[in-house]
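The exercises below are meant to be worked with the sequence and the model open side by side. Each task is followed by a solution that proceeds step by step.

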Amino acid sequence: MNEPQPDPSEVDLTTPNIARMYDYFLGGAANFAVDRDAAEEFLRVYPGNLAWSRINRAFLGRAVTTLTEMGIDQFLDLGSGVPTVGNVHEIAHQHNPDARIAYVDIESVAVHHARHLIGDDPRVTVTQADLRQPHSVLNASGVAGLLDFTRPVAVLTVAILDIIDNADALGIMSTYRDACSPGSALVISNGAVLRMTAEEKAGIESVMAQTSTPHVHWRTRQEVAEIFSGYELMEPGIVPSAQWRPTEPISDDEALRSNGYAGVGILPR
Ligand code: SAM
């Protein structure tokens with residue numbers, strides 16, 4: 001297996017990292033032994049996580065498709081991760097070749113792989129930044145220089161608000177909201193305990209405690225709704241991720257295996 005090759009001084013090889021663990025869950029090769037060991041332990045305590053990862057990515061794809069079809073052509077993907085199947089720019093460009101995508105991630109391997117994949121495409125940027133510092137993100141050249149915030153922008157927070165250390169998601173996300181103009185969108189998926197044993201939940205928290213993002217912020221539907229403050233929710237509202245506009249019918253039972261809530265909101269015009 002080829003190991004990822006970013007600047008070695010920037011990568012902590014002793015601490016498992018969620019970007020690289022998630023890459024492993026999705027079948028990628030941008031991960032190290034420390035990540036694979038933690039990911040295997042994660043799967044041992046919660047075997048449903050492979051399905052969870054695929055359900056999450058599939059929701060992201062449906063949300064981007066929906067928004068692009070609605071005419072949104074600018075995306076700010078916060079905590080974008082290691083490139084994998086169905087990247088935001090690939091999905092958006094299928095529908096609108098002029099769409100602009102600003103990827104933001106804190107992790108060196110994810111950023112390195114994304115930059116390598118994108119090359120010199122003028123429609124896409126990759127910024128290494130901490131989303132908990134929204135002003136720095138919004139002023140970064142890869143964001144401010146690419147996206148026009150006087151027009152609608154879709155802000156994507158997919159499988160990220162539940163792992164950021166700072167629990168002040170409301171304050172952070174209100175800054176992004178205030179930077180956006182009417183017609184802009186917010187996409188959220190966030191881990192939730194829907195169909196999970198207490199043992200599985202404790203096991204996940206124990207594995208995550210060893211990683212560089214040691215806290216898990218599970219959220220109820222109401223708590224996710226609070227992050228959407230100021231937005232109008234698109235149908236079907238905040239639902240288990242697999243149930244957000246599925247391409248084929250799924251049972252309520254299957255939906256609960258999402259173990260996460262998802263939704264898309266639009267800033268009223
Ligand atoms: N959004 C992608 C998806 O759903 O497929 C990736 C989700 S992955 C579980 C979480 C990502 O958030 C990782 O790539 C991680 O490096 C990134 N991340 C974690 N903390 C961050 C922070 N404070 N600022 C920016 N990115 C962060």
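**Exercise 1. Locate Arg-245 and Ala-159 and describe their phi angles.**

Solution. Begin with Arg-245, which lies in the loop between β7 and α11 (252–256); helices (H or I, at least four residues) and strands (E, at least two) are DSSP runs, numbered from the N terminus. Arg-245 has a positive phi of about 45°, although it is not a glycine. Next, go to the loop between β4 (154–158) and α8 (169–179), where Ala-159 is found; its phi, near 55°, is likewise positive in a residue other than glycine. For context, most residues other than glycine have a negative phi, and most peptide bonds are trans.

This is a predicted model, in which local features need pLDDT of at least 70 and side-chain atom pairs count only at pLDDT 80 or more, while totals for chains, interfaces and linings use all residues. Residues are numbered from 1 along each chain as its sequence is written, and side-chain values use heavy atoms, with hydrogens and water left out.

**Exercise 2. Determine whether the peptide bond from Glu-235 to Pro-236 is cis or trans.**

Solution. First find Pro-236 in the loop between β6 (232–233) and β7 (239–240). Then read omega for the bond that joins Glu-235 to Pro-236: the value is near 5°, and the bond is cis.

**Exercise 3. Describe the surroundings of the ligand and its polar contacts.**

Solution. Start with the shell, taking residues that have a heavy atom within 4 Å of the ligand: there are 19, and the closest are Arg-57, Gly-79, Asp-105, Asp-130 and Val-158. Helix α1 (18–25) and helix α3 (49–69) each supply at least two residues of this shell, and the largest share, three residues, comes from α1. Now look for polar contacts, that is, pairs of N or O atoms within 3.5 Å. A side-chain N or O atom of Asn-56 is 2.9 Å from an oxygen atom of the ligand, a backbone N or O atom of Gly-81 lies 3.5 Å from a ligand oxygen, and a polar side-chain atom of Arg-132 lies 3.5 Å from a ligand nitrogen.

**Exercise 4. Characterise the aromatic pair formed by Tyr-22 and Trp-52.**

Solution. The structure holds four aromatic pairs, counted when the centres of Phe, Tyr or Trp rings (for Trp, the six-membered ring) lie within 6.5 Å. Tyr-22 and Trp-52 are 6.4 Å apart centre to centre with 70° between the planes, an edge-to-face arrangement (planes over 60 degrees apart). Because Tyr-22 lies in helix α1 and Trp-52 in helix α3, the pair ties together parts that are 30 residues apart in sequence.

Definitions and conventions: A polar contact is a pair of N or O atoms within 3.5 Å; within protein, one must be able to donate a hydrogen and the other to accept it, and residues adjacent in sequence count only if both atoms are side-chain atoms. Rings of Phe, Tyr and Trp (its six-membered ring) pair if their centres lie within 6.5 Å; planes under 30 degrees apart count as stacked, over 60 as edge-to-face and the rest as tilted.
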